[in-house]
Structure formats: C-alpha cells, structure tokens
Amino acid sequence: MIDKRVDSLEQAVAGICDGAVVLTGGFGHAGNPTDLIHALIDQGAKDLTVVNNNAGNAHIGLAALLETGRVRKMICTYPRSTDSEVITNLYRENKIELEIVPQGTLAERLRAAGAGIGGFYTPTTIGTPLADGKETRTIDGRDYVLEYPMPADFALVKAECADRWGNLTYNKAARNFGPLMCMAARVTVVQVRKFVELGSLDPEQVVTPGIFVDRVAEVADPIDERVEIEQQKVAR
Amino acid sequence: MNASPTNGSLNRRQIAWRAAQDIPDGACVNLGIGMPVLVGNYLPLDREIILHSENGILGMGPAPASGEEDYELINASKGPVTLLDGGSFAHQADSFAMIRGGHIDICVMGAFQVSASGDLANWSTDAPDAIPGVGGAMDLALGARRVFVMTEHTTRGGEPKLVEHCTYPLTGTGVVSSIYSNIAVIDVADDGLVVREKLNGLELDDIQRVTGAPIRLANDWQTLDVPNLA
C-alpha cells in the first residue's frame, strides 16, 4: 500500500543531513511551510543551503532558521522586507553567502531540475550584472543567458489538502513555488491543512500529482507568521 | 524669473492617474511594487483590464474590506487583495511564462534611472552596505510588451533620473516605452526621448534643464492635464 502520510513533523523532516540543499516554498507570508521549518530547527541539521523567494521575516520560520547560524548559503530573489533584519545583519556581517536569482529564472531552474532538463536559455539578465560570467547565445537575433537546473536534496512545501498518495491541492496565492519545489527535490516533504481520503480529490483539481511528493504531514492549524510576528513585537 | 520646473508638478496619485489613462481596454497589466500599485486605483471604469501579480494571480482585484483579509491571497507587495470573477492562480513557472513569454501587455514600474535608449535601472543602487534583491523586475522589464515607468523627474537631490546612460546596475536594456514623471509624459523613440505631454507653463527648455539626455517635443504634443487628486 502506498501511504505517504507521516504522524509527526519530526518524522517529516527526518534525514535532512548536514550540508543539504533545502527548498522552502512561500512568497511573503503566503505558503511558507513554517511548521516544517521549525521542525528542521529542532532537528538540528547545519551547513545548509536554503532556497526561498525571500529570506524570512522578523524572527519566525525561515528567519528563525537563519538566526541559528545553520544556513551556510541563502539563494533567493528578494531578501528585503520591512522586517528582514536577520538576513540583512547576517549579510552585512559576512556570516552568510547570498545568491540573488531573478524570480522567473529561479522558477524555471526548479522546473528544469524536476523535469530532467539540463539547462535553458533565458533573456532575463541580459545586459545586467547578474549575467556576468555566464554563457550567452544569440537565437533568432535575440540574446539569451544559459541557466542551469536547481536540484535539491529536500523540499519543504505547504499545501492545502493531500491524500495518502501525496496528491496536492493548494490555497490561492500560497501555491507560488510549491509545485515546482515538489518536482525539484530528491525528497519532498509537504505540510497540509487537511488529509483527505484517496479518491476524494477531484482529479481535475489536483495541482501536484503525488509522484512528486514523498512525505505529507497534517498541520490543521499551521503557524501564522503574521500573528507570531505581532506577538514577538509585543514581547520585545 | 525662472520658475522651478517642479512648481505645480504632479503628486504620485496624479502620475498614477495619468499612466492609467494609457492602459487600453482588454490589456493584461502588471503593476510593480511601490508607486505603480497606485495605478490600480485609477483604471478607467469603462475598460476591462486584467491585472497580473507576479506571485501567481491573474485577474487580481482591489484590497478587501477591513476584517476580510486573506493572507494567502496577496499581491507582489505582500498586501492582501481579492480575486475578480474570471481570476485564476498559477505557480511561479507559469506566472513567469506569462511575463517572459510576452503575454503581459504592459508593466508599470518605478525607476532609479532611465536612459535615452530605454535602458532601465531600478533594482540596485550598488550601495556597498545594501542587501541586493531583484525579485521579478528583470523578467518583467524585458518580458512585458511595453514598460511604463512612473517616476519623479529628478532625485530628491535634484539630479536627473532620465539620463544619457544609466550609472546604476541595469535591470534591462532598451525596455522602457514611456515615462510618466511629475512634469511630463515622455516616450522613448528610436532617436531618443520625445516629450508627448508637458505641464502647462513649462517650456521644453525647462524640462531639458532637469533631464540628463537630449529631449525633443513631439509634433502633436499636448498639455499634461490631470484631475486634482489630493
């Protein structure tokens, strides 16, 4: 029998080893697998490379993971926000390596990794410093930059519903990088609000087919980063 | 007496209003973070315009009423929004396929600098202490069919933001179609910057004095006329 459900967040993040490349879904406060990230903090893996659109807010979730000093390298598109002091300080103190990738290029590099594509040419970054040192090619009169896939050891993703095969639905704009990160990792771990019976998801509504998913944990009442951040502000 | 070119100049809402009037019925439009978000408030009501948000929303609606926010339905600036009838969600590869694949008609962006040939610099001032971040700016700049830039005509220190060549790191080359500033509407033509509209009382020379690249007046130029939006 195929059953990708796990009983605990501890089981969900088991085996994430030192030095692992870990993809984490989310854009702003939407779609962050905050409960899985805190399980990873408790689990203790270090020397990590973490990939996310941003780089955490205040002192919760990804920012809390960065604050432990266990992330060697952060790959993201846009680390700045009103409360991104953790990554900003680590960067200024030279305590973390930072790689900035344009958002569409990050998405496509993840997709390429999941789809078995060895690289692709994109016009994005042509004529900019982010193309420095990269192979370029002119195709039909337009210039392109060669970008490589971004495979990972683990993906931590938040979705809405899962069945025991790992079929996933998402909630609104919380989908963002989820489906791509599920494809790109060797081991994909998903937290969902709700487990549902096999056969109860409309096949036309499944966004990530279960083949891209390895473990699913149910977190019915996930950490709301916005609420936590407000409470942290009060506490400080 | 030389009147300062910024006397009686447009405020941000008026710049947004002016840019919004140039978005045609049926257009798919991406509004960049910051000042361009204001454009959504002034889209002409008699036109059906689809707003795209880079984080995976097509058919984005206005902010919800207080108390009805859903923080899994947010725009690129991470503020809560709504979804219009007909709206849909997409993952990031599809959302950026819409952008990079030329399916977005217009993107409205802010700028640090725009060059006479339409080069855009709006992601980094190269300050040594500033943490870099590009987000979707480079994809949007080169992927949208037309890029509208909304900007003050000069920096706070009075330096021109429209220049011969950008000195800040580029976002994209030759991508800007039109510039909506607080004193003029300027198109990027093959031969340089062309003033399509200017504030009443400003001569071309007044605008040239605060512009870092040669400008010329369009043959069919008009007065830049906007409603009072305090």
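**From one strand pair to the two-chain complex**

In this predicted model, Gln113(B) stands opposite Ala121(B), a residue of strand E7 of chain B. That pair of residues belongs to a wider arrangement, in which strand E6 of chain B, made of residues 113-115, and E7(B) pair in the antiparallel sense over 2 bridges. Strands of a sheet pair through backbone hydrogen bonds, and they do so either parallel or antiparallel. The sheet to which E6(B) and E7(B) belong is an open one of 3 strands, with the order E7-E6-E9 in chain B and with mixed pairing. Its edge strands are E7 (120-121) and E9 (162-163) of chain B, each of which pairs on one side only.

From this sheet the view can be widened to chain B as a whole, which has 4 helices and 13 strands. The radius of gyration of chain B is 18 Å, close to the 17 Å that the globule rule gives for 230 residues, so chain B is as compact as a globular protein of that length. Along its principal axes, the C-alpha trace of chain B spans about 55 × 40 × 30 Å. Of the 230 residues in this chain, 47% count as buried, and among the contacts in chain B with a separation of 6 or more, 65% are accounted for by residues 24 or more positions apart. As to confidence, chain B averages a pLDDT of 95, with 97% of the residues scoring at least 70.

One backbone detail of chain B deserves attention at this point. Lys78(B) has a phi near 75 degrees, which is a positive value in a residue other than glycine. Most residues other than glycine have a negative phi. Lys78(B) is placed in the loop between strand E3 (57-61) and strand E4 (82-89) of chain B, and because it has 18 C-beta neighbours inside 10 Å, it counts as partly exposed.

Chain A, the partner, has 7 helices and 12 strands. A compact globule of 236 residues would have a radius of gyration near 18 Å, and the 18 Å of chain A agrees with this. Taken along the principal axes, the C-alpha atoms of chain A fill a box of roughly 50 × 45 × 30 Å. Buried residues make up 52% of the 236 residues in chain A, and residues 24 or more positions apart account for 77% of its contacts with a separation of 6 or more.

Within chain A, helix H2 (residues 34-43) offers a convenient place to look at burial in detail, for Thr34(A), Asp35(A), Leu36(A), Ile37(A), Ala39(A) and Leu40(A) are buried there. An α-helix has 3.6 residues a turn, so residues three or four places apart point the same way. The cover over the buried residues of H2(A) includes helices H1 (9-12), H3 (62-67) and H7 (225-235) of chain A, together with strands E2 (21-24), E9 and E11 (185-195) of that chain. Just after H2(A), Gly44(A) takes a positive phi of about 100 degrees. A positive phi is also found at Ala58(A), a residue other than glycine, where the value is near 50 degrees. Ala58(A) lies in the loop between strand E3 (48-51) and H3 of chain A, and it counts as buried because it has 21 C-beta neighbours inside 10 Å.

Strand E9 of chain A, already met as part of the cover over H2(A), also leads to the nonpolar core. The largest such core has 140 residues, and those with the most contacts inside it are Ala155(A), Ala184(A) and Val149(B). Its largest share, 8 residues, comes from strand E9 (residues 152-162) of chain A. When neighbours within four places in sequence are left aside, Ala184(A) is in contact with Leu23(A), Leu110(A), Ala113(A), Gly114(A), Met150(A), Pro151(A), Ala152(A) and Ala155(A).

It remains to consider how the chains meet. In the complex, 32 residues of chain B are in contact with 40 residues of chain A. On the side of chain B that touches chain A, the elements that give two or more residues are helix H2 (92-100) and helix H3 (137-143) of chain B, and H2(B) gives the most, with 5 residues. The residues on this side of chain B divide into 15 nonpolar, 10 polar and 7 charged. For the complex, the predictor gives an ipTM of 0.96 and a pTM of 0.96.

Conventions:
Residues numbered from 1 in each chain as written. Chains lettered and ligands numbered in written order. Predicted model: local features only at pLDDT ≥ 70, side-chain atom pairs only at ≥ 80, totals over all residues. Core = buried A, V, L, I, M, F, W, Y, C linked by C-beta atoms within 7 Å. Buried ≥ 20, exposed ≤ 12 C-beta atoms within 10 Å, placed from the backbone. Contact = placed C-beta atoms within 7 Å. Nonpolar A, V, L, I, M, F, W, Y, C, P; charged D, E, K, R; others polar. Pairing = 2+ DSSP bridges. pLDDT = per-residue confidence, 0-100. Rg over C-alpha atoms; globule rule 2.2 N^0.38 Å.
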